[in-house]
Amino acid sequence: MVDPIYHKTEAGQEEIRTRARKLDQKLRALLLMVNGERARSELLAQVSGMGVTPDAMDTLLALGLIEAVRDPGKAAPTSVSA
């Protein structure tokens, strides 16, 4: 299974600044740690002591606050015309 790396979306950046969605402490802590460099498993390991579950990552994704980073090691697919 692939272990994606996530970064904050514009909405995620805005949430950090404004707290408009009033995320609970666990979700906010996880969102703060998402930086485009750490893999999902690493992020969850760092907040597991707080009782944060993998569902928290899914919640941030569903809210549009984070998104997966494209694999920097792979080139974007090119389209081929016939």
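In this predicted model, E15 is a buried residue that has no salt bridge. The nearest side chain of opposite charge belongs to R21, and it is 4.2 Å away. A salt bridge requires a side-chain nitrogen of Lys or Arg within 4 Å of a carboxyl oxygen of Asp or Glu, so the distance of 4.2 Å between E15 and R21 does not qualify. The two residues are nevertheless linked in another way: a polar atom of the E15 side chain lies 2.9 Å from the backbone nitrogen of R21. The backbone of R21, then, supplies the nitrogen in this polar contact.

The setting of E15 can be traced a little further. E15 is placed in helix α1, which covers residues 10–18. Leaving aside residues up to four places away in sequence, E15 touches A20, R21, K22, L23, R28, L31 and L65. Two of these neighbours, R28 and L31, are themselves buried residues of α2. Another, K22, lies in the loop between α1 and α2.

That loop has some backbone features worth a look. R19, in the loop between α1 and α2 (25–33), has a positive phi of about 60 degrees although it is not a glycine. K22 is likewise a non-glycine residue with a positive phi, here about 50 degrees. With a relative accessibility of 70%, K22 counts as exposed, while E15, which K22 touches, is buried.

Following the loop, α2 begins with a side-chain to backbone contact: a side-chain oxygen of D24 comes within 3.1 Å of the backbone nitrogen of K26. Further along α2, the residues L27, R28, A29, L30 and L31 are buried. The cover over the buried residues of α2 includes both β1 (6–8) and β2 (66–68), together with α1, α3 and α4.

Although E15 has no salt bridge, the structure does hold two of them. Side chains of opposite charge can pair when their charged atoms come close. One bridge joins R17 to E14, with the closest N and O atoms 2.8 Å apart. Both partners sit in helix α1, three residues apart, or about one turn of the helix. R17 counts as exposed, at 53% relative accessibility, and E14 is partly exposed, with a relative accessible area of 38%.

The other bridge is formed by R40 and D58, whose closest N and O atoms are 3.4 Å apart. This pair links distant parts of the chain, with R40 in helix α3 (residues 40–47) and D58 in helix α4 (residues 54–62), 18 residues apart. R40 counts as buried at 16% relative accessibility, whereas D58 is partly exposed, with a relative accessible area of 37%.

Stepping back to the whole chain, the protein comprises four helices and two strands, arranged along the sequence in the pattern β-α-α-α-α-β. Of its 82 residues, 28% count as buried. Among contacts with a separation of 6 or more, 64% are between residues 24 or more positions apart. The accessible surface comes to about 5,700 Å², and carbon and sulfur atoms account for 53% of that area.

How values were computed. Residues are numbered from 1 along each chain as its sequence is written. This is a predicted model: local features need pLDDT of at least 70, side-chain atom pairs count only at pLDDT 80 or more; totals for chains, interfaces and linings use all residues. Side-chain values use heavy atoms; hydrogens and water are left out. Buried means under 20% relative accessible area, exposed over 50%, partly exposed in between (1.4 Å probe, protein chains only). Lys and Arg count as positive and Asp and Glu as negative; His and the chain ends are not counted. A polar contact is a pair of N or O atoms within 3.5 Å; within protein, one must be able to donate a hydrogen and the other to accept it, and residues adjacent in sequence count only if both atoms are side-chain atoms. Contact means heavy atoms within 4.5 Å. Accessible areas come from the Shrake-Rupley method with a 1.4 Å probe; for residues, only the protein chains shown count as cover.
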